[in-house]
Amino acid sequence: SSMALLRPQEERAMGFGIDDKVSVDYWLEDGGQSTEGVFTSNRRIERRYRIEIDNYHSRPIEITVLDQLPVPQDERIEVELLRETTKPSKQNWEDRQGVLAWAGEYKPDEHKAITFGYAVTYPEDMPVPAL
């Protein structure tokens, strides 16, 4: 394929496909729903994920893992990051609302795990089909 010419000092990010020396496993550990409140009735949905990353290169490499929080479009819906979440390096990565980034250097044969969880609270009588 072709691409436009670059000016001096201009940068362009390019992907070259899958790196078979980096392994990423991602799975839902827990997802539950509850009803809360004494005077108000809200539903709360929690999702907990685990992301495991392995660097099988013989040299250190930089890896950035991205994931996202739901972004509510209604002020009655609240989204919160759960306490056990591994602290992200950046929230709203590259000005993308709800996108979290965990960036860091991975040494040769290094294994790291990221825990990521969020809770969505919304009125019981409100349909939220995407959850």
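**Charges and core in a predicted model**

Glutamate 52 has a relative accessibility of 17% and counts as buried, because the cut-off for that class is under 20%. Its partner in a salt bridge is arginine 50, with 2.7 Å between the closest N and O atoms. Arginine 50 itself is partly exposed, at 23% relative accessibility. The pair therefore falls on both sides of the 20% limit.

The model is predicted. Mean pLDDT over the chain is 90, and 91% of the residues reach 70 or more. Confidence is highest in strand S6, at 97, and lowest in strand S1 (residues 22-36), where the mean is 81.

The salt bridges come to ten by count. One of them joins the side chains of glutamate 10 and arginine 12 at 3.8 Å, N to O. Here both partners are partly exposed: glutamate 10 has a relative accessible area of 36%, and arginine 12 has 40% relative accessibility. Another joins glutamate 94 to arginine 96, with the closest N and O atoms 4.0 Å apart. Arginine 96 is again partly exposed, at 45%. There is also a network of salt bridges, which links Asp30, Arg44, Glu46, Arg48, Glu80 and Glu84.

Aspartate 67 presents another case. This residue lies in strand S3 (residues 61-68). Aspartate 67 is buried but has no salt bridge, the nearest side chain of opposite charge being that of arginine 47, 11 Å away. That distance rules out a salt bridge between the two, because the definition requires N and O atoms within 4 Å. What the side chain of aspartate 67 does have is a polar contact of 2.8 Å with the side chain of tyrosine 26. Apart from residues up to four places away in sequence, aspartate 67 touches Tyr26, Ile51, Gly98, Val99, Leu100, Trp102 and Phe116.

Phe116 also appears in the description of the largest nonpolar core, which has 18 residues. Phe116, Ile53 and Val65 are the residues with the most contacts inside this core. Two or more core residues come from each of strand S2 (42-55), S3, strand S6 (99-106) and strand S7 (111-123). S7 gives the largest share, five residues. The surroundings of valine 65 can be listed in turn. Beyond its neighbours within four places in sequence, valine 65 is in contact with Ile51, Ile53, Leu100, Ala101, Trp102 and Ile114. Ile51, Leu100 and Trp102 are touched by aspartate 67 and are in contact with valine 65 as well.

Technical notes. Residues are numbered from 1 along each chain as its sequence is written. This is a predicted model: local features need pLDDT of at least 70, side-chain atom pairs count only at pLDDT 80 or more; totals for chains, interfaces and linings use all residues. Side-chain values use heavy atoms; hydrogens and water are left out. Helices (H or I, at least four residues) and strands (E, at least two) are DSSP runs, numbered from the N terminus. Buried means under 20% relative accessible area, exposed over 50%, partly exposed in between (1.4 Å probe, protein chains only). Lys and Arg count as positive and Asp and Glu as negative; His and the chain ends are not counted. A polar contact is a pair of N or O atoms within 3.5 Å; within protein, one must be able to donate a hydrogen and the other to accept it, and residues adjacent in sequence count only if both atoms are side-chain atoms. Contact means heavy atoms within 4.5 Å. A nonpolar core is a set of buried Ala, Val, Leu, Ile, Met, Phe, Trp, Tyr and Cys residues joined through side-chain atoms within 4.5 Å. pLDDT is the predictor's confidence in each residue, from 0 to 100.
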